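This report looks at how the parts of one protein chain are held against each other. It takes the nonpolar core and the salt bridges in turn.

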Amino acid sequence: MPSGGPAAQVQLATIAREWARIGVIGFGGPPAHIVLLRTLCVTNRKWLSAREFEDGVAAANLLPGPASTQLAIFCAWRLRGPAGAVLGGVCFIAPGMVMTLALSVRFRAGRAPLLVRVG
């Protein structure tokens, strides 16, 4: 975790807000998520260096599972340690999970929406 610089001042509320925003607007899967995380953490806020971010991308790609989720957790961890990692991970994952659960409830409650049935 960084010991100084701009990242040391990132509030947990900022991580919650920004990671949830990416979780909500990040349609396009991992490539979209990675671009949004890079724009936020490297380009706009300069919380992480380009090298540090690319090292995170490389490490996430070596692990099994969704690389963009692992990268989101890594970035939040670099900003605020374990608390940032947990909060960033939950806020990044929750929007998609809520949408999936809501659609599941809707589909199980009766007939699927016409858009789904027509396909």
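A residue is called buried when its relative accessible area is under 20%, exposed when that area is over 50%, and partly exposed in between. The model discussed here is predicted.

**Salt bridges**

How many salt bridges does the structure hold? There are six. One of them joins the side chains of E18 and R17, with 3.6 Å from N to O. E18 has a relative accessible area of 9%, so E18 is buried. R17, at 47%, is partly exposed. Both residues also belong to a network of salt bridges, made up of R17, E18, R21 and R45.

Another salt bridge is formed by R38 and E54, whose closest N and O atoms are 1.6 Å apart. This pair connects distant parts of the chain: R38 lies in helix α2 and E54 in helix α3, with their positions 16 residues apart in the numbering. R38 counts as partly exposed because its relative accessibility is 25%. E54 is also partly exposed, at 36% relative accessibility.

R78 and E52 form a salt bridge too, and here the closest N and O atoms are 2.3 Å apart. This pair again links distant parts of the chain, as R78 is in helix α4 and E52 is in helix α3, 26 residues apart. R78 has a relative accessibility of 17%, so it counts as buried.

The three pairs are listed below.

| Salt bridge | N to O distance |
|---|---|
| E18 and R17 | 3.6 Å |
| R38 and E54 | 1.6 Å |
| R78 and E52 | 2.3 Å |

**The nonpolar core**

Which residues touch the most other members of the largest nonpolar core? They are W19 and F53, in a core of 22 residues. Four helices each supply at least two residues of this core: α1 (12-25), α2 (29-44), α3 (50-62) and α4 (67-108). The largest share comes from α4, which gives eight residues.

F53 can be followed further through its contacts. Apart from its neighbours within four places in sequence, F53 is in contact with I34, L37, R38, V42, L48, L71 and C75. One residue in that list, R38, is the partner of E54 in the salt bridge described above. R38 therefore appears in both parts of this report: it is in contact with F53, and it is partly exposed at 25% relative accessibility.

Definitions and conventions
Residues numbered from 1 in each chain as written. Predicted model: local features only at pLDDT ≥ 70, side-chain atom pairs only at ≥ 80, totals over all residues. Heavy atoms only, no water. Core = buried A, V, L, I, M, F, W, Y, C linked by side-chain atoms within 4.5 Å. Buried < 20%, exposed > 50% of the residue type's maximum accessible area, 1.4 Å probe, protein only. Contact = heavy atoms within 4.5 Å. Salt bridge = Lys/Arg side-chain N within 4 Å of Asp/Glu carboxyl O.
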